[in-house]
Every structure is written in C-alpha cells, then in structure tokens.
Amino acid sequence: MASRSPAAAAPLLRGIRGLPLHHRIFATQTEGELRVTQILKEKFPRATAIKVTDISGGCGAMYEIKTESEEFKEKRTVQQHQMVNQALKEEIKEMHGLRIFTSVPKR
C-alpha cells in the first residue's frame with residue numbers, strides 16, 4: 001500500500017469551509033473565552049480548574065464552562081450552577097446559550 005504524503009492527505013483532513021478539522025484545538029482562546037475565564041477566576045479564587053470554550057464557532061453566542069472549585073463543596077449541583085450564573089449575569093445577557101459543568105476537587 002502506498003503511503004500518502006502530508007500534503008496529499010490535507011484535503012482529507014479538511015472540514016466545513018475548507019478549514020482543518022483541528023482548527024479550534026490549536027487556536028488560542030477567543031476574546032470572549034478570555035473574558036469569561038477572567039471573571040470566573042475572580043469570582044471563584046479557589047478554583048483548581050476553569051475551562052471556557054466558545055461552542056458557537058467563535059462568535060460568542062454559546063459557551064461551555066467547566067469549573068472545579070472548593071466553593072462548590074456541600075452545595076447541590078443546581079446551587080453550583082446558580083453561583084456560576086450569578087457570576088456571569090451581565091455576560092449571559094449577550095449569550096444565546098450556556099452549558100455549565102461544575103465539580104468539587106477530589107482529594
């Protein structure tokens with residue numbers, strides 16, 4: 001079987017509109033992602049992990065947020081999500097949707 005060169009394989013690795021499928025994986029954070037991340041870091045200073053991903057293709061209409069923090073300890077999931085919603089109440093006004101995942105660090 002003949003091996004393909006990377007240049008020959010490139011068209012096979014293209015996604016919608018000709019962009020590489022890995023385009024967002026290697027891109028830096030968008031302005032919106034950075035802004036939301038900074039707000040969450042300020043509101044949850046004991047957070048051990050904060051990951052914000054623009055899942056709307058970069059336009060800032062929808063985000064997925066994963067936050068791990070001691071501040072969530074002994075709170076129900078709905079209360080944890082309310083805390084994140086409260087922290088981002090001004091930003092949420094401009095969003096179409098938001099996926100929130102919260103957890104307490106494991107010891």
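1. In this predicted model, the cover over the buried residues of α4 includes α3 (31-43), α5 and β3 (97-103). The buried residues concerned are Gln80, Val84 and Ala87; seen down the axis of α4, they fall within an arc of 65°, so they line one face of the helix. Confidence supports a reading at this level, since α4 has the highest in the chain, at a mean of 98.

2. Helix α3, which is part of that cover, has 13 residues and spans 18 Å from its first C-alpha to its last, close to the 18 Å expected at 1.5 Å a residue. Its buried residues are Gly32, Glu33, Val36, Thr37, Ile39 and Leu40, and because they cover an arc of only 160° around the axis, they sit on the same side of α3. On the face turned away from this buried side, α3 carries the exposed residues Glu31 and Glu42.

3. Glu91 deserves a separate comment. This residue belongs to helix α5 (residues 89-92), and α5 is itself among the elements covering the buried residues of α4. Glu91 is buried yet has no salt bridge, the nearest side chain of opposite charge being that of Arg35, at 4.6 Å. As a salt bridge is counted only when a side-chain nitrogen of Lys or Arg lies within 4 Å of a carboxyl oxygen of Asp or Glu, the 4.6 Å to Arg35 does not qualify. Once neighbours within four places in sequence are set aside, Glu91 is in contact with Arg35 and Ile39, and Ile39 is one of the buried residues of α3.

4. The backbone at Glu74 should also be noted, as its phi is near 65°, a positive value in a residue other than glycine. Glu74 lies in the loop between β2 (62-69) and α4 (77-87). Is the residue buried or exposed? Glu74 is exposed, with a relative accessible area of 79%.

5. Confidence along the chain calls for some care: the mean pLDDT is 83, and 75% of the residues reach 70 or more. Helix α2 (residues 23-26) has the lowest confidence in the chain, at a mean of 45. Over residues 8-26, pLDDT stays under 50, and for this stretch the model has 13 contacts beyond four places in sequence. Where pLDDT is low, the predicted coordinates should not be read in detail. I would therefore treat the 13 contacts of residues 8-26 with reserve, given a pLDDT under 50 there.

Key. Residues are numbered from 1 along each chain as its sequence is written. This is a predicted model: local features need pLDDT of at least 70, side-chain atom pairs count only at pLDDT 80 or more; totals for chains, interfaces and linings use all residues. Side-chain values use heavy atoms; hydrogens and water are left out. Helices (H or I, at least four residues) and strands (E, at least two) are DSSP runs, numbered from the N terminus. Buried means under 20% relative accessible area, exposed over 50%, partly exposed in between (1.4 Å probe, protein chains only). Lys and Arg count as positive and Asp and Glu as negative; His and the chain ends are not counted. Contact means heavy atoms within 4.5 Å. The arc is that of the directions from the helix axis to the C-beta atoms. pLDDT is the predictor's confidence in each residue, from 0 to 100. The expected span of a helix is 1.5 Å times one less than its number of residues.
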